[in-house]
Every structure is written in C-alpha cells, then in structure tokens.
Number of protein chains: 2
Amino acid sequence: MSDQLSRAFQAMADPTRRDIVARLAVSGDATVGEIAAPYDVSLQAVSKHLKVLEDAGLVTRSRDAQRRPVHLEAGVLDLMTGWIERYRQQAEERYARLDALLAATEEETLGRGAS
Amino acid sequence: MSDQLSRAFQAMADPTRRDIVARLAVSGDATVGEIAAPYDVSLQAVSKHLKVLEDAGLVTRSRDAQRRPVHLEAGVLDLMTGWIERYRQQAEERYARLDALLAATEEETLGRGAS
DNA sequence: AGCGTTGTCAACCAATTGGTTGAGGAGGGC
DNA sequence: GCCCTCCTCAACCAATTGGTTGACAACGCT
C-alpha cells in the first residue's frame, strides 16, 4: 500500500473520508473543527482521517494561526480516474475486437452455407 | 465499508488486485491459475483477492467444469469514476465562482480607485 | 473406481485500521 | 502572564486484512 495510487484508493474506501472530500469539493476549504462537526466521532478520529487523505495527496493543510485549513487537491482524483479509464477503455477495445472477430466468423460461415 | 463504492475503492487499493484488473481488461477472461501464475504468493492468497474483487462487483466468476473463469465487469469502474468526476467538477465550479467573485471585487476596487 | 487438476474452505498469524482517551503544543485575547 | 481555543501526538483496543499451511470438494481422464 505504499504507492500513491494505492494510498488514494485506500483513502477513498472510507465513507467518512469520501464525505469529507465531497464537502471540501462543494464548500471549499474548512478547518478541522468544521470538518469534524457533523460526525459522531472524536475530533482526533477526524484528524486521523485527514492525515490519511493528506498522505494520499488528496488534501493539503496550511497554517493560519492555530487553525489548520484543509484544502482539496484535485490532482490525485485525476490520477485515479486516469487509471480506471485507461483500463476500462482497454477492455472496451478488446470487446470490439472480439465482436469484429465473431462477426467475421459468422460471415464466413454464412458464405460457406450459401455456396 | 459495507456499501458498494467503499468495497470497490477498497478492492482497488491493493496493487496486486489492480494488476489483476488490468490484466483482465487487456487480455480478457482468465482462470484462477492463470491469474495467480505471475505472483509470488500462494494460489489461496490470489483466490482471496478475487473474492474481494467479486464482493466489490468488479469481477464475476462462472463455472466451466472445474475451472472458474474470471470476468471483468466494467460497471463498477464507471461507478467510481462517476463519483470522483462528480465532485471534481463541483470543485471546479466552485473555483470558477470564486474567480468571478475576485474579478468583480478587483474591478470594483479599480473603479473606486479611479474615481 | 482411482488419480490428477483446479480451486475453495478453515484455522491461524502478524500488521494495519479506525476508534477511544489523556496529555500537550501553538497562538490569540484578556 | 494566564487562559482558552484549536488541533496533534501517544498509547491502547477490537476488528479487519493479507498472507500462510493443510484439508478437501468438484470434475475430467483413463
């Protein structure tokens, strides 16, 4: 689980963390306290979730006095969709080739049947 | 980790499982033995990985005598990219609004400065 | 019927995860 | 200077994960 893609997918595997990402996307930067407020867990637990998101590169934190505003970084999201889309496309191309092959075989069979 | 999206992201968080998905996308259906061959782990470990992928809906297995051909299902991949793209777009729209707001404020400030 | 091949199930193990509580550090406000 | 707010670090805990080995079920072949 050491590479970035693994950390990113791992981070997105938790509903709370996905929810945090969604809120940051919709509402923009927020402090840890604001992020933690809606959840029924300790602030420390949310802080851990943010650390997971940060280690995955999905989020950055700057310093503003004693506040630590959390900012969503879209780059890693693109990394994930890039990976997925790449292989989904490969699968589609393979299906297209398979269909073409089947169609060709079918045609050949029909041709022989007609001769 | 009970909902489908969580299971799907969790499944993709492991490099071995991602590699399996990639191979299925490129080369098409394969048996458990074929899938396990390149890896330096036991067949049982790979079987467990396939179970994770199956529980996530990323893969289906049919029965052909004692073989269990594994087939990639692209639907859940779309589910993942759909989620990600949705919120990435939300973030972009928010940035666009923010930029517009900043530009308007800047213009207003310049206008006042010139008066 | 017996054997080989293919794959799963079960029990176990070490490491990781997601949560808790308690302590403490970093900065502003009085 | 002292406190209050915001947040992180550390230690601990139960549950899950990714791996192992051993047993065995399903099926084709001869």
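Here are four exercises, with worked solutions, on a predicted model of two protein chains and two DNA strands.

**Exercise 1. Work out how chain A and chain B are related, and what they share at their contact.**

Step 1: Start with the superposition. Turn chain A by 180 degrees, with a shift of 0.0 Å along the axis, and it lands on chain B with an RMSD of 0.0 Å. The two copies are thus related as by a two-fold rotation axis.

Step 2: Count who touches whom. On the chain A side, 34 residues make contact, and they meet 34 residues of chain B.

Step 3: Check whether the two lists match up. Of the interface residues of chain A, 100% are interface residues in chain B too, so the copies meet through the same surface.

Step 4: Look at the area. About 2800 Å² is buried between chain A and chain B, with 65% of it coming from carbon and sulfur atoms. Within chain A's part, the top trio is A:Phe9, A:Arg18 and A:Trp83: together they supply 19% of what chain A buries against chain B, more than any other three residues.

**Exercise 2. Split chain A into its domains and describe the contact between them.**

Step 1: Take the bounds. The assignment gives domain 1 as residues 1–73 and domain 2 as residues 74–115 of chain A.

Step 2: Place the two parts. Taken over C-alpha atoms, the centres of domain 1 and domain 2 of chain A are 38 Å apart. Their contact uses 10 residues from domain 1 of chain A and 8 residues from domain 2 of chain A.

Step 3: Size up the buried area. Domain 1 and domain 2 of chain A bury about 740 Å² between them, and carbon and sulfur atoms give 85% of that. On the domain 1 side of chain A, A:Leu5, A:Phe9 and A:Glu73 supply 55% of the area buried against domain 2, more than any other three residues.

Step 4: Spot the residue to remember. A:Phe9 is in the leading trio against domain 2 of chain A, and it is in the leading trio against chain B as well.

**Exercise 3. Find what surrounds DNA strand D, and which protein atoms meet its phosphates.**

Step 1: List the neighbours. There are 23 residues around DNA strand D, and the closest are A:Ser47, B:Ser42, B:Gln44, B:Lys48 and B:His49. Sorted by class, this surface has 6 nonpolar, 9 polar and 8 charged residues.

Step 2: Ask which part of the strand is touched. Of the strand D atoms within 4 Å of the protein, 59% are from sugar or phosphate, and the rest belong to bases.

Step 3: Go through the phosphate oxygens. One is 2.5 Å from a side-chain N or O atom of A:Ser47. Polar backbone atoms join in too: A:Gly33 at 2.7 Å and A:Val32 at 3.3 Å.

Step 4: Map this onto elements. Helix H3 (32–36) and helix H4 (43–55) of chain A, plus helix H4 (43–55) of chain B, each give two or more residues to the surface near DNA strand D.

**Exercise 4. Repeat the job for DNA strand C.**

Step 1: List the neighbours. DNA strand C is surrounded by 22 residues, the closest being A:Gln44, A:Lys48, A:His49, B:Ser47 and B:Arg61.

Step 2: Check the phosphates. B:Ser47 puts a polar side-chain atom 2.5 Å from a phosphate oxygen, while A:Arg17 does so at 3.1 Å. A polar backbone atom of B:Gly33 is 2.8 Å from a phosphate oxygen of this strand.

Step 3: Name the elements. H4 of chain A, together with helix H3 (32–36) and H4 of chain B, give two or more residues each to the surface near DNA strand C.

Key. Residues numbered from 1 in each chain as written. Chains lettered and ligands numbered in written order. Predicted model: local features only at pLDDT ≥ 70, side-chain atom pairs only at ≥ 80, totals over all residues. Heavy atoms only, no water. Least-squares fit on C-alpha atoms with pLDDT ≥ 70 in both. Contact = heavy atoms within 4.5 Å. Near = heavy atom within 4 Å. Polar contact = N/O pair within 3.5 Å; in protein donor to acceptor, adjacent residues only side chain to side chain. Helix = DSSP H or I, 4+ residues; strand = E, 2+ residues; numbered from the N terminus. Nonpolar A, V, L, I, M, F, W, Y, C, P; charged D, E, K, R; others polar. Domains from an automatic or database assignment. Buried area = accessible area lost by both parts, 1.4 Å probe.
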